[in-house]
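Dear colleague,

I am handing over the structure you will find just below, and after it I set out what was found, beginning with the sheet and ending with the pocket. Please read the notes with the structure open beside them.

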Amino acid sequence: MSDHYLEFTHSAFGRQLAALMGLPAPPRLRRATGGYDDQPLATRAVLVGGSEQAQMAEAMLGALSGMGADLYLAPDHCGLAPVKAAAASRGEALKGEPLGERFSPHALVFDASGIDSVPALRSLYEFLQPRIARLPAHGRVLLLSRAPSSLSEVGPHTASMALRGFIRSLAKEIGRKGSTANLVEVATGGEPAVAGALRFLLTEHAAFITGQTLGIGVPDAVPTHWGQSLFGRRALVTGAARGIGAAIAQTLAREGAQVIGVDRPQEEGALGESMSRVGGRGLALDVTAADAAERIVSECGPLDVVVHNAGVTRDKMLRNMAPHLWDTVLDINLGAIIRINERLLADGLAEGARMVCISSIGGIAGNAGQTNYATTKAGVIGYAEALAPEMARRGGAINAVAPGFIETAMTAAMPVMPREIGRRLSALAQGGLPADIAEAVTFLASGLSAGINGQTLRVCGQNFVGA
Ligand code: NAP
């Protein structure tokens, strides 16, 4: 369903009227038009800086120069010494930030690791405050830090938690220009995996992700090439006939995966169309059927990627909820995932397989009328956390994606007012597209997400619900 208000505010008359009445004018987001590029930031300027005790400057510079970025260094800031030392050890020449002119880099990237006190937090203010107004539309702010849970001393733990509040607020300030701000928390030893996360978050592949914190652990291995990284990999996507599932199939296929799409037998026609668009294969199957897991294993062979996307809503206030509405939602959205995975874990997965489960911000914030749905979507988050160690032992990973308001048949069926509120109450003032979820899923299914396991990534334009 298209967002008529967004289209209206991009017409000459609509723009003027919105400005006159003080109404929000949602930006038209700049989304990726192709697959992963080896040099996605070629010719784009990125300004870097760090804290006085910055620990990840080398990984930061390596990731950015690997992306082809034109690197500039903020002069006279407290992280000058560690960033310069990292550049020297990499044999890299950084340009000084041009002074006295309107320098407007695509991204501001700051290594905030090592910040261990309230006074040290000022380095963040000093780096970003004078420059944030010059961030162009569709620009990026990215902070690197250590996770609070890995810091036992009071000062560093407090400061690293403080960064989360900073990034959430900054994302709300810059969202109206289509710009995003995110925080990447890296475990000690996780530095080699920074490159993949930055390739995603600093580019148009992550246009609808803002105000989020993403954790990186120690990776088994990191990719040596980025484009077509899923080439030849066998990927199963449930609920692939339409909506988000069809977009996931398309994006996985874009990166080279051989897609097998599952959907209910009633959707066989739509599933066939969706699969023919991606050169994939359809499997008409209800995921709750008694033989669903067995058929997936016997008909699909060892899987490299599994995306549990099929999901339904059956909304009713709990006092009016008939038992079948509870049972249907619990079984499709959560029970079937666990049953299918138990069978896949026995002998249906290739080594290093990656799984992605679709949750929802409804599972984080809750919604009146959705006790059944939110139970399953919160359960999915817990399930990904619980299964992560087992997937890591197999050299793979499991993560969840929590979409916010996404323009699909599911949200088109909502009453007008909640639909309009769902769209507008976010940092980016609009709903996302199925392609936005597909990009996040493809990131988590590929080597770009090395080191990321057991996490839930919100793809919601920083929807204010549960933000
Ligand atoms: P959708 O347009 O309704 O598509 C879901 C697909 O899954 C449909 O083709 C559906 O088939 C299929 N499906 C349902 N039950 C199934 C079953 N038992 N076995 C096999 N396939 C089944 O939904 P969507 O908006 O793309 O949502 C996809 C996922 O994202 C869901 O898990 C949803 O909860 C989640 N999500 C969506 C939003 C949003 O704003 N759209 C927000 C948060 C989370 P039928 O049409 O025949 O039922």
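In this predicted model, seven strands form an open sheet with parallel pairing, and their order across the sheet is β3-β2-β1-β4-β5-β6-β7. The edges are taken by β3 (95-96) and β7 (213-216), each of which has a single partner strand, so one side of each is left without a neighbour in the sheet. At the β3 edge, strand β2 (residues 70-73) runs parallel to β3 and is joined to it by two bridges, and Tyr72 has Lys95 in β3 as its bridge partner.

Two helices can be placed against these strands. Helix α5 (residues 118-128) lies across β1 (45-50), β4 (107-111) and β5 (140-145), and runs at about 160 degrees to β4, while helix α6 (residues 154-174) lies across β5, β6 (180-186) and β7, running at about 160 degrees to β6.

Turning to the pocket, the largest one has a volume of about 1,400 Å³. It is lined by 49 residues, of which Thr313, Tyr373, Thr408, Met410 and Thr411 are the closest to its centre. The elements that contribute two or more residues to this lining are α8 (243-254), β9 (258-263), α13 (371-393), α14 (409-412) and α15 (416-424). By residue class, the lining of the largest pocket divides into 23 nonpolar, 18 polar and eight charged residues.

With best regards

Key: Residues are numbered from 1 along each chain as its sequence is written. This is a predicted model: local features need pLDDT of at least 70, side-chain atom pairs count only at pLDDT 80 or more; totals for chains, interfaces and linings use all residues. Side-chain values use heavy atoms; hydrogens and water are left out. On a 1 Å grid over the protein atoms alone, a cavity is a set of points where a 1.4 Å probe fits but cannot get out, and a pocket is an open set with protein on both sides within 12 Å along at least five of seven lines; lining residues have an atom within 4 Å of a point. Grid points are joined across faces, edges and corners, and a volume is the space filled by probe spheres set on the points. Helices (H or I, at least four residues) and strands (E, at least two) are DSSP runs, numbered from the N terminus. Ala, Val, Leu, Ile, Met, Phe, Trp, Tyr, Cys and Pro count as nonpolar, Asp, Glu, Lys and Arg as charged, and the others, Gly among them, as polar. Two strands pair if DSSP finds at least two bridges between them. Contact means heavy atoms within 4.5 Å. Axes are lines fitted to C-alpha atoms, for helices over the stretch in contact, and angles run from 0 to 180 degrees between N-to-C directions.
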